[in-house]
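Trainee: Could you give me a close look at a single part of this model and then place that part in its surroundings? Please state the cut-off behind each term when you first use it.

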Amino acid sequence: MPFELVTLVAREMALRDGGHAPTLIIDGSNGPVFVQIDALAPSHSERLEQMFFAGTALAREGNVGRLLQVFFISEAWLSTARNGLPPASPPSQDPNRKEVLIISGYMPRTQQVNLALLEMIRDPDGTLRELREFEQFQNGEEGVRSPLLMAFVKGFFSRTN
């Protein structure tokens with residue numbers, strides 16, 4: 001399952017639906033498994049734990065088979081540095097924040113991480129009108145990590161090894 005295809009489908013679904021629910025796509029030897037997450041935990045450490053337990057649960061069910069790769073799609077707030085300085089407040093409180101759709105992918109066998117950030121452009125009524133490429137990182141670009149997917153993979157392999 002190519003990262004570009006996952007990105008294209010996520011883009012189309014977000015535009016059609018006005019947003020995108022947090023979703024895991026697990027590409028396994030038995031075929032893909034899709035998991036929509038009703039609510040992400042409020043803190044980063046709790047989200048890591050949530051992903052670890054999602055990995056263990058899917059491994060225990062046995063529907064995935066051998067894990068080939070995993071993708072995570074979610075909406076988020078993003079703050080960028082200004083004048084070379086990091087943001088002074090969390091993105092949710094930054095008046096200059098950007099709403100983005102994040103698509104990340106991780107291939108355990110090669111440890112390759114892919115990440116696409118799409119800025120969500122809404123009209124004054126709040127309707128999503130456009131997804132604009134914000135930044136794109138691919139093929140092991142330096143500094144690109146996906147802690148949530150890594151937590152999922154650790155949880156998955158904790159049940160299968």
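Mentor: What follows starts with one hairpin and works outward to the cores, the rings and the charged pairs.

This is a predicted model, in which local features need pLDDT of at least 70 and side-chain atom pairs count only at pLDDT 80 or more, while totals for chains, interfaces and linings use all residues. Residues are numbered from 1 along each chain as its sequence is written, and side-chain values use heavy atoms, with hydrogens and water left out.

The part I have chosen is the hairpin that β4 and β5 form, with 4 residues between the two strands. Helices (H or I, at least four residues) and strands (E, at least two) are DSSP runs numbered from the N terminus, and on that basis β4 covers 98-107 and β5 covers 112-122. The two strands pair in the antiparallel sense over 8 bridges, where pairing requires that DSSP finds at least two bridges between the strands. M107 stands opposite Q112 of β5.

In the loop between β4 and β5 lies Q111, which has a positive phi of about 60° although it is not a glycine. With a relative accessible area of 58%, Q111 is exposed; here buried means under 20% relative accessible area, exposed over 50%, and partly exposed in between, computed with a 1.4 Å probe on protein chains only. Strand β5, by contrast, is mostly covered, with 8 of its 11 residues buried.

On the β4 side of the hairpin, Y106 is buried at 6% relative accessibility. If residues up to four places away in sequence are not counted, Y106 touches Q69, V70, Q111, Q112, V113, L149, M150 and V153, a contact being heavy atoms within 4.5 Å. Q111 of the turn is thus among the contacts of Y106, although Q111 itself is exposed. As a reference distance, the C-alpha atoms of Y106 and R11, 95 residues apart along the chain, are separated by 19 Å.

V70, one of the residues that Y106 touches, leads to the largest nonpolar core. A nonpolar core is a set of buried Ala, Val, Leu, Ile, Met, Phe, Trp, Tyr and Cys residues joined through side-chain atoms within 4.5 Å. The largest one has 22 residues, of which L24, I26, M51, V70 and F152 touch the most other members. At least two residues of this core come from each of β1 (23-28), α2 (44-61), β3 (67-78), β5 and α3 (147-160), and α3 supplies the largest share, namely 6 residues. A second, separate core has 14 residues, among them V6, I73, L101 and I103.

Within the largest core, I26 is in contact with G31, P32, V33, V35, L58, V64, L67, Q69, V70 and F152, leaving aside its neighbours within four places in sequence. I103, a member of the second core, is touched by T7, which also touches A116, again not counting residues up to four places away. T7 is placed in helix α1 (residues 3-17) and counts as buried at 10% relative accessibility.

F152 also takes part in a cluster in which ring pairs link F152, F156 and F157. Rings of Phe, Tyr and Trp (its six-membered ring) pair if their centres lie within 6.5 Å, with planes under 30 degrees apart counted as stacked, over 60 as edge-to-face and the rest as tilted. By this rule there are 4 aromatic pairs. The rings of F52 and F53 have centres 5.7 Å apart and planes at 85°, so this pair is edge-to-face; F52 is partly exposed at 28%, as is F53 at 47%.

A ring also meets a charge where the charged end of R97 sits over the ring of W77, 3.9 Å from its centre; the criterion is NZ of Lys or CZ of Arg within 6 Å of the ring centre and within 35 degrees of the ring normal.

Side chains of opposite charge can pair when their charged atoms come close. The structure holds 6 salt bridges, each defined as a side-chain nitrogen of Lys or Arg within 4 Å of a carboxyl oxygen of Asp or Glu. In one of them, R16 and D17 bring their closest N and O atoms to 2.7 Å, with R16 exposed at 62% and D17 partly exposed at 49%. Another joins D123 and R129 at 2.9 Å, N to O, and R129 is exposed at 55%. A further bridge links R132 and E130 at 3.3 Å, N to O, where R132 is partly exposed at 40% and E130 is partly exposed at 35%.
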